[in-house]
Structure formats: C-alpha cells, structure tokens
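Please look over the sequence and the fold below before reading on. The paragraphs that follow lead through the structure step by step.

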Amino acid sequence: MALNTIYYEDCIANIPKRIDDESIDLIIADPPFGIRFDGKGSQYNRKSEFVVSGYSEIKQANYHEFSKAWIKAIYPILKETGSAYIFSGWTNLKDILIAIDDAGFTTQNHLIWKYQFGVFTKRKYVTSHYHILFLVKNPKKYYFNKIDHYPEDVWEIKREYLPGEKKNSTKLPDKLVEKLLLYSSQENDLVLDPFMGNGTTAVACIKHKRNYLGFEINPNAKEIIDANISKAQES
Ligand SMILES: C[S@@+](CC[C@H](N)C(=O)[O-])C[C@H]1O[C@@H](n2cnc3c(N)ncnc32)[C@H](O)[C@@H]1O
C-alpha cells in the first residue's frame, strides 16, 4: 500500500482490500449528498466555466445502498485508535445514520458546521448547516487531541470564495478540515479521504505533515487535485 496515493476513477466500496485492515488513523469523508447537485447552478452563485464537469451525484433512491456499501468498507481499515468524520446534509442523513450503526461504529458526537449562506428560499427556511458525524471504533482507545479547553459541537466557519479558480464543484474550507486533522491525528499519521473532490484533505495533510490516501471517481477532478497538491508541496 503506497502512501500519499489517490485512486482516480474508483470508489472505496469497490476495492476495500486495496487498503490494509487497521491501517488508517483518521477518515474524513464528504460524500455526494444525493440531492441532484452538480455544482453548476446559478443558485450556487458560481460561473459554470470555473466548475469542472463530471461531478458524480447519487440518486436519492440509491442513497441508502450507496451509503451502506462505502461505510461498511471503511470500518475494517480504520485502526482501533482511529476515528472518522462523515459530512451529511439533512435530506439523506437517516441513510447515513443507519449505515453507521450497521457498520459497527460508535457515534461520539454529532457536530454542526454552520456556514454563512445557503440557497435562497421563498416558503421555507434557508439551510445553512451541515452535519458532521464523529465516529470511533473503540470509545476507550481512540486518539483525541483536545486543543481547545471547551470544544463545542457547533462550528461556525465561513465558506471560502475562490473567484476565478477552477473547482470540482463543492469544496470544504481548509480551516474546517485542518481543525478535524488537528483534533484527531498526529504527525505522520495516515488519513483517508474516500471522496477527494478538490483534494482539500490532501492539502491539509501536506501542511500538517500527515500522510494521505484518497479516492475520486470523477476523472476531470484529477487536474485540480494534482494542481492543489503541487501548490501545497511548494509552499
Ligand atoms: C462533496 S464532494 C467532496 C469535496 C471535498 N471534500 C473538497 O473539499 O474538495 C464529493 C466528491 O465525491 C466524488 N464521488 C462521488 N461518488 C464517488 C465514489 N463512489 N467514489 C469516489 N468519489 C466519488 C464526486 O465526484 C465529488 O468530487
């Protein structure tokens, strides 16, 4: 198993044995949310020429099956001392929660990431949060670096605006991913991101001296991920 590798055009659920059992210290997973999102709509306030095509969304009807398959695949490869963070919107959260329980994870926290804007609505509230499920395999053994005295479970972190930069649809803020890394991993640890997107997790790993592994099914994302990794390696 080579460190700092990204498996392109592939899904963790297809090839679990490519990664050794009990080898991963931390998993950061930001899967497609099953909401017919392609990241190009004007409601997302973006110019479509700056968004690469090929974003792989999952049909809502298949979301339960999809979630079950990849969450089952990440359980054996996580160390007993390790932990996993899974991002979810509220729409298909139930599928994720069921899959987490079925796989055998223990949920330690249900974090809320509050961001500064959502899609404009006329007859309902604007969604301006995501769920981040903090999971462990062994509640007695997992690593936790309590960097704040009073670490609350609601995190208000601004989304990044990257005007004129090419993106693979959604991107988590660097600050958010770095916070997860600093709480739940140490230098030289191995961090897995099964849904690389723009390579945000790999970039944070390079900055904070962690190793990474990742998967990304969209072949058009490669040029963006590779460019972001090169930039991080140079700085
Ligand atoms: C929400 S985005 C991740 C964004 C990422 N966290 C970032 O900050 O850049 C989800 C990504 O998962 C990819 N994807 C969808 N289905 C996949 C699968 N089965 N295996 C691997 N990647 C997949 C999509 O193409 C998309 O790039």
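Two residues are in contact if their C-beta atoms, placed from the backbone, lie within 7 Å. Helices (H or I, at least four residues) and strands (E, at least two) are DSSP runs, numbered from the N terminus. This is a predicted model, in which local features need pLDDT of at least 70 and side-chain atom pairs count only at pLDDT 80 or more, while totals for chains, interfaces and linings use all residues. Residues are numbered from 1 along each chain as its sequence is written.

Helix α1 covers residues 63-74, and its 12 residues should span 16 Å at 1.5 Å a residue (the expected span being 1.5 Å times one less than the number of residues); the end C-alpha atoms are 17 Å apart, which agrees. In α1, Tyr63, Ser67, Trp70, Ile71 and Ile74 are buried, a residue being buried if 20 or more other C-beta atoms lie within 10 Å of its own, exposed if 12 or fewer, and partly exposed in between. These buried residues cover an arc of only 100° around the axis, which puts them on the same side of α1; the arc is that of the directions from the helix axis to the C-beta atoms. An α-helix has 3.6 residues a turn, so residues three or four places apart point the same way. Among the elements that cover the buried residues of α1 are β2 (24-29), β3 (78-88) and α2 (93-103).

The largest nonpolar core (a set of buried Ala, Val, Leu, Ile, Met, Phe, Trp, Tyr and Cys residues joined through C-beta atoms within 7 Å) holds 51 residues, of which Ile27, Ala84 and Tyr85 touch the most other members. Strand β5, residues 129-136, gives the most to this core, with 6 residues. Leaving aside residues up to four places away in sequence, Ile27 touches Ile74, Leu78, Ala84 and Leu192.

Helix α4, residues 200-207, is mostly covered, since 7 of its 8 residues are buried. Those buried residues are Thr200, Thr201, Ala202, Val203, Ala204, Cys205 and Ile206, and they pack against β2, α3, β7 (190-193), β8 (211-216) and α5 (222-234). After α4 comes Lys209, whose phi is positive, near 60°.

Is Leu162 buried or exposed? Leu162, in the loop between β6 (154-156) and α3 (174-184), is exposed, with 12 other C-beta atoms within 10 Å. The C-alpha atoms of Leu162 and Lys207 are separated by 19 Å, the two residues being 45 apart along the chain.
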